[in-house]
Protein chains: 2
Amino acid sequence: MQKVKVMIVDDHEMVRLGIKSYLLTEDGIEFLGEAKSGNEAVQLAKIYKPDVILMDLLMDDGNGFDATEKILSFHGSCKIIILTSYYDDEKVFPAIEAGAHSYLLKTASAEEVTSAIYKAAKGEAVIASKVADKMMTRFRPQERKPHEDLTTREFEVLTCLGEGMTNQEISEVLYIGIKTVKTHVSNILSKLGVADRTQAAIYANRNGILYKKE
Amino acid sequence: MQKVKVMIVDDHEMVRLGIKSYLLTEDGIEFLGEAKSGNEAVQLAKIYKPDVILMDLLMDDGNGFDATEKILSFHGSCKIIILTSYYDDEKVFPAIEAGAHSYLLKTASAEEVTSAIYKAAKGEAVIASKVADKMMTRFRPQERKPHEDLTTREFEVLTCLGEGMTNQEISEVLYIGIKTVKTHVSNILSKLGVADRTQAAIYANRNGILYKKE
DNA sequence: ACAAATTTCGGTCTGGAGACGGAGTTTGAA
DNA sequence: TTCAAACTCCGTCTCCAGACCGAAATTTGT
């Protein structure tokens, strides 16, 4: 049986070394190389044409989402396994949309990772249980995040609420009347199911509804 | 010259493997063993008496803070190097208080880690630049976090504010009058330098002032 | 033991927050 | 074209939030 050609993408040297150290002991795996950024990964993937890529998400020079999308655009048969520490909605779903094949957490054991590589080569996906939970709940529409019902304008107002602005300040920022702001705020409160602007602000902050995010 | 006796504590197997893979190639280092939790680390440290410990902070069975404190209580000459992905205030300062000797981030290269081990053995501390920044600002009293001026009761009230409670609800939770709550809230607002309870709630959430975390 | 800080509570007053109802305009989908 | 949703704004009303003032009881530190 053909060896599985594997590539590693991670900006942490010690993580790359750790994975490499046990991939090299696997007879069924051919270790192709490693990249320390998303952009580097795209270049290397063009040359190496790997079967499976272990991909981190947060990296300085080109993140894992974009890299996943680009690599699949020219090398669609590649199976990309996300291997990261995070499993919040803002990581999991964009990664899946980008075309990720499996999603593992860095808490996984060496055995789990190698097993996932072999399964990926056969077309089977492996999803960490914590990530699987999120995916299940996502497909229960009645339980999805309440702020997905918000209109774009309401979303903008909620963002302002999350910054602690008063109605007056919001009206100035968005160039609308205070009465209009009040209407939006009232609608937001009822849609989010919270009692007042303070709870709405907390909601915004805890769900990462912010101007800029790192 | 005597070899430096090193121990690893991390709950991620692949991180342990990664570190081990290059520690074993270092002639000046004697690799003693590894632990995957804080409590396990304490037990192993009693047996191995390491010179240096590479310690992760967030682990399931006994965190790195407590483990650091306990190990130093019976083996004070040990130098403990924190090696983690996080560098927020809630990690850095408790770790230093616990007696950590150095603080590295997992973005560090293999060379930086080995270098830090040798320096630690000689008594020199290594602090990651991002962490050093935080420490510098901490020692500028006029710039320290405003919520450190809060009294314990005010801190409790702020915690409630961070949960979005009304004055009425806070008074019921803390078994005090609404007027008293109002007094505390007013004092909190002026001490934090914010305009209203909403901004105070945002402050609490962004600075990790919560009942329980994670 | 004494001074200082903390915690507690009272009264009063102003302003903003939010609910409720109504209404005109625009935009996009059926 | 028609209709629903989204965005805009008006008036009114109630109530809580917060400022400001004072003050007593308790705790803390020296």
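Around DNA strand D, the protein surface draws on both chains: α7 (152-162) and α9 of chain A, along with α9 of chain B, each provide at least two of its residues. Keep in mind that this is a predicted model. Chain B can be laid over chain A by a rotation of 180° with 0.2 Å of shift along the axis, giving an RMSD of 0.7 Å. That is how a two-fold axis relates two copies. Here's a quick tour, starting with the DNA and ending where the two chains meet.

**Around DNA strand D**

- There are 17 residues surrounding DNA strand D, and the closest are Thr151(A), Gly177(A), Thr180(A), Ser186(B) and Arg197(B).
- Thr151(A) also turns up in a polar pairing: a polar atom of its side chain sits 2.2 Å from a phosphate oxygen of DNA strand D.
- Two other side chains of chain A reach phosphate oxygens of this strand, with Arg153(A) placing an N or O atom 3.0 Å away and His184(A) placing a polar atom 2.8 Å away.
- If you look at the atoms of DNA strand D within 4 Å of the protein, 63% are sugar or phosphate atoms, and bases account for the rest.
- Sorted by class, the surface near DNA strand D has 3 nonpolar, 9 polar and 5 charged residues.

**Around DNA strand C**

- For DNA strand C, the helices that each give at least two residues to the nearby surface are α9 (178-192) of chain A plus α7 (152-162) and α9 (178-192) of chain B.
- This strand has 17 residues around it, and the ones that come nearest are Ser186(A), Arg197(A), Thr151(B), Gly177(B) and Thr180(B).
- Gly177(B) uses its backbone here, with an N or O atom 2.5 Å from a phosphate oxygen of DNA strand C.
- From chain A, the side chain of Asn167(A) has an N or O atom 3.0 Å from a phosphate oxygen of DNA strand C.
- What about the bases? The side chain of Lys179(B) puts an N or O atom 3.4 Å from a base nitrogen of DNA strand C.
- Sugar or phosphate makes up 63% of the atoms of DNA strand C within 4 Å of the protein, with bases making up the rest.
- The surface near DNA strand C counts 3 nonpolar, 9 polar and 5 charged residues.

**How the two chains sit together**

- Gly18(B) is the residue of chain B closest to the rotation axis, its C-alpha being 1.7 Å away.
- Contact between the chains involves 30 residues of chain B and 30 residues of chain A.
- The two copies meet through the same surface, because 100% of the interface residues of chain B are interface residues in chain A too.
- About 2300 Å² is buried between chain B and chain A, and carbon and sulfur atoms give 59% of that area.
- On the chain B side, Met14(B), Thr198(B) and Arg206(B) lose the most area to chain A, together 26% of what that side buries.

**What holds a place in the interface**

- Across the interface there are 2 salt bridges, and one joins the side chains of Glu163(B) and Arg206(A), at 3.1 Å from N to O.
- Polar contacts across the interface link 11 residue pairs, both partners at pLDDT 80 or more.
- On chain B, the elements giving two or more residues to the side that touches chain A are α1 (13-23), α5 (110-121), α7 and α10 (197-206).
- α1(B) gives the largest share of that side, with 8 residues.
- By class, the side of chain B that touches chain A has 13 nonpolar, 11 polar and 6 charged residues.

Conventions: Residues numbered from 1 in each chain as written. Chains lettered and ligands numbered in written order. Predicted model: local features only at pLDDT ≥ 70, side-chain atom pairs only at ≥ 80, totals over all residues. Heavy atoms only, no water. Near = heavy atom within 4 Å. Polar contact = N/O pair within 3.5 Å; in protein donor to acceptor, adjacent residues only side chain to side chain. Helix = DSSP H or I, 4+ residues; strand = E, 2+ residues; numbered from the N terminus. Nonpolar A, V, L, I, M, F, W, Y, C, P; charged D, E, K, R; others polar. Least-squares fit on C-alpha atoms with pLDDT ≥ 70 in both. Contact = heavy atoms within 4.5 Å. Buried area = accessible area lost by both parts, 1.4 Å probe. Salt bridge = Lys/Arg side-chain N within 4 Å of Asp/Glu carboxyl O.
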